[in-house]
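Reader: I would like to practise reading charged side chains in a model. Could you walk me through them, one feature at a time?

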Amino acid sequence: MGRSVSYPSGAIVAFTVLEVEAEDDWEFEYEWLRDDLRERAAKAFPSLIPHDGWRGREDRILMRNAYADFGVSVYGGLVAVWIVERDDGAYRDADWRTARSPRAQRWLSQIASRFDAVFGDYDCLGHMSNGEGVYTKRAA
């Protein structure tokens, strides 16, 4: 599969697909995906709580905790499920007072392999010169 999808810089990313049979079903399938991701994330990482927001114009935040934003980005059916250190004003203000960033990076590194196991269905093999990614489905 060759496509590309954006996600926040520095994020831990797992890839899957959004399969939509009819164009009219796209919004329903996307809403189902968001609900499913929230449910799995809450079960795997109980410190995450629901949050509705955006990082930029394409990266939707679904949940967050004291350290990280958990979200989803979709392009052409390819889905990037990501988790990344928070970058909002309240977090930066709190980090200035209590140095949260080192703890955030440590927590993210501790959950990286579990995050990939819970959310990843595809592996990114690399990128072509035009930026298109090449992905392969993982063996079941």
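Reader: Let's start with the salt bridges: how many does the structure hold?

Author: Side chains of opposite charge can pair when their charged atoms come close. This is a predicted model, and the structure holds 10 salt bridges.

Reader: Before we look at single pairs, what is the mean pLDDT of the protein chain?

Author: The mean is 89, and 96% of the residues reach 70 or more. Confidence still varies by element: strand E1 (residues 2-3) has the lowest mean pLDDT, 54, while strand E4 (residues 59-64) has the highest, 97.

Reader: Good to know. Which residue does Arg 40 meet in a salt bridge?

Author: Its partner is Asp 36, with 3.2 Å from N to O. Look at the spacing along helix H1 (residues 26-44): because the two residues are four apart there, about one helical turn separates Arg 40 from Asp 36.

Reader: And is Arg 40 buried, partly exposed or exposed?

Author: Arg 40 has a relative accessibility of 29%, so it counts as partly exposed.

Reader: Let's move along the chain. What does the side chain of Asp 87 do?

Author: Asp 87 forms a salt bridge with Arg 92, at 3.1 Å from N to O. Asp 87 is partly exposed, with a relative accessible area of 48%, and Arg 92 is partly exposed as well, at 46%.

Reader: Which residues are joined into one network by salt bridges that share partners?

Author: That network consists of Arg 55, Arg 64, Asp 69, Arg 86 and Asp 88. To see one link in it, find Arg 86 and Asp 88, whose side chains meet in a salt bridge of 2.8 Å, N to O.

Reader: Are those two residues buried or exposed?

Author: The cut-off to keep in mind is that buried means under 20% relative accessible area. Arg 86 has 13%, so it is buried. Asp 88 has 17%, so it is buried too.

Reader: What about charges outside salt bridges: which residues form the negative surface patch?

Author: For a patch, look for like charges on residues that have no salt bridge. Here Glu 19, Glu 21, Glu 23, Asp 24 and Asp 25 form a negative surface patch.

Reader: Where does Glu 23 lie?

Author: Glu 23 is in the loop between strand E2 (12-17) and H1. Its relative accessibility is 67%, so Glu 23 counts as exposed.

How values were computed:
Residues numbered from 1 in each chain as written. Predicted model: local features only at pLDDT ≥ 70, side-chain atom pairs only at ≥ 80, totals over all residues. Heavy atoms only, no water. pLDDT = per-residue confidence, 0-100. Salt bridge = Lys/Arg side-chain N within 4 Å of Asp/Glu carboxyl O. Buried < 20%, exposed > 50% of the residue type's maximum accessible area, 1.4 Å probe, protein only. Patch = residues over 30% accessible without salt bridge, like charges linked within 9 Å, V, L, I, M, F, W, Y side chains within 5 Å. Areas by Shrake-Rupley, 256 points an atom, 1.4 Å probe, with all protein chains shown as cover. Lys, Arg positive; Asp, Glu negative; His and termini not counted. Charge placed at Lys NZ, Arg CZ, Asp CG, Glu CD.
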